[in-house]
Amino acid sequence: MNNQATVSRKLDHIKICLNKDVQAKTKSAGFDDVEFVHRALPESNLANINTKSKLFGHEFSAPIIISAMTGGHPVAEKINKTLAIAAQELGIGLGLGSQRAALENPQLEKTYSIAREYAPEAFLIGNIGAPQLVDGTIELKEAQKVIDIIDGNALAIHLNALQEAIQPEGDSNYSGVIQAIDKLAEELDVPIIIKETGAGISGEIASLLEKTGVAGIDVQGAGGTSFSAVEVYRAEEQGLERLKRFGKVFWDWGLPTVVSTVEVARATSQVEIIASGGIRNGLDIAKAIALGAEGIGIALPLLAPAFSGDVETVKSIIDLLVKELKCAMFLTGARAIKDLKNVPCIISGKSANWLTLRGIDISMYAQRSL
Ligand SMILES: Cc1cc2nc3c(=O)[nH]c(=O)nc-3n(C[C@H](O)[C@H](O)[C@H](O)COP(=O)(O)O)c2cc1C
């Protein structure tokens, strides 16, 4: 694909995500299946609940990352600037969108590097796609360049086999991907985070990934933004009926975020886990951490205000997430983020069914104590 095509496809994605309903339809991320046991005597002061966290060795005021969305276009520059200002002021992390466009055309670097300009201290994550590792477009030199453009703290390699398989211009060759990840993880001197883009990561894949020495796994499960949905709308705009049907069939494909988070947590011991995909409030954040994540990612709810350059709205959405997270911590007796790992929580419904069938004992979550 040429640079113009990469850029215009990314712009299509933004427009569609702003104007259409691109979220999962028949599948939920699973947070409704998870409930905390209310603690009527919290024995703590809500005002003193502490959400400070350390992710990949970096201090966060709360364990929140604005997930990768964009770059490569003047519209993207404004979005990244807005998100960067919010991330800097709030002390949280920010992922940049795929940096392939900047590797193809250095004139587009500014649309990403603007993030570091406005977020000098925030944890910034660079982003490349796994297919570009496989086809050799990105090797150590290019990966280092991606990091240098944003003076990044980590590099996300996104896995998007589903989207690549569906979109007409997709790069659907994933043969040799684990070897390529393994090689880069050995060579690159910033932490690598392997990130799905809507279909989740299973326990089996997580243990393969852990062996490569990557530092983190962002599960990006099903239940939030669906890139099959995005492709359905693109196909519709182009009058491509067969492609539209293809996307519809796979609209809700994947492991829901809750089961993916549990599967990855149970299969690994070294990697830091980010839960993302359909995280929509601070209670979801508390649940994701209780299930084994160290932090969470959120994208779609921030896109519209970022597109309008509205820093205050981005900040107020995140402020509310933190307030809700603190409330969930208070009501479960958790004073610090790490305490959430020990509060009892009940997993029921479809998530329980899935996890039990996969041989995971979910009673330990219900019976543990702080
Ligand atoms: C407009 C848009 C563009 C995205 N572009 C990328 C990308 O370039 N690279 C990537 O790893 N993820 C990308 N994502 C996926 C997000 O990082 C995130 O994982 C996903 O949207 C799930 O979170 P959500 O349900 O809170 O939206 C994009 C998401 C949106 C909404």
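Hi everyone. Let me begin with a term: two strands count as paired if DSSP finds at least two bridges between them. With that in hand, here is the centre of my talk: 8 strands close into a barrel in the order 4-5-6-7-8-9-10-11, and the pairing is parallel. From one strand to the next, the twist averages 25°. Please keep in mind that this is a predicted model.

Let's step back and look at the whole protein. Its secondary structure comes to 17 helices and 12 strands. The C-alpha trace spans about 60 × 45 × 40 Å along the principal axes. How does the radius of gyration fit with a compact globule? For 370 residues such a globule would come out near 21 Å, and the protein has 19 Å, which agrees. Of those 370 residues, 53% count as buried. And if we take contacts between residues at least 6 apart in sequence, 78% of them join residues at least 24 apart.

Now, back to the barrel, and a walk across a few of its strands. Strand 5, residues 93-95, runs parallel to strand 6, residues 123-129, and 3 bridges join them. There you can find Gly-95 standing opposite Ile-125 of strand 6. Moving along, strand 6 pairs with strand 7 in the parallel sense over 5 bridges, and here Gly-126 stands opposite Leu-155 in strand 7. Strand 7 is also joined to strand 8, residues 192-196, by 5 bridges, again running parallel. On that side, the bridge partner of Leu-155 is Ile-192 in strand 8.

Let's stay with strand 7 for a moment. Is it buried or exposed? All 6 of its 6 residues, 154-159, are buried, so the strand is largely enclosed by the rest of the structure. Both faces are covered: one side has Ala-154, Ala-156 and His-158, and the other has Leu-155, Ile-157 and Leu-159.

My last stop is a helix. Helix 13 covers residues 282-290, and 8 of its 9 residues are buried, so this helix too is largely enclosed by the rest of the structure. Among the buried ones are Asp-284 and Lys-287, along with Ile-285 and Ile-289. What covers them? The cover over the buried residues of helix 13 includes strand 10 (272-276) and strand 11 (295-298), and also strand 1 (34-36) and strand 12 (345-347). Helix 12 (257-267) and helix 15 (311-332) are part of that cover as well. Just after helix 13, have a look at Gly-292, which takes a positive phi of about 130°.

That's my tour. Thanks for listening!

Notes. Residues numbered from 1 in each chain as written. Predicted model: local features only at pLDDT ≥ 70, side-chain atom pairs only at ≥ 80, totals over all residues. Helix = DSSP H or I, 4+ residues; strand = E, 2+ residues; numbered from the N terminus. Rg over C-alpha atoms; globule rule 2.2 N^0.38 Å. Buried ≥ 20, exposed ≤ 12 C-beta atoms within 10 Å, placed from the backbone. Contact = placed C-beta atoms within 7 Å. Axes fitted to C-alpha atoms, helices over the stretch in contact; angles between N-to-C directions.
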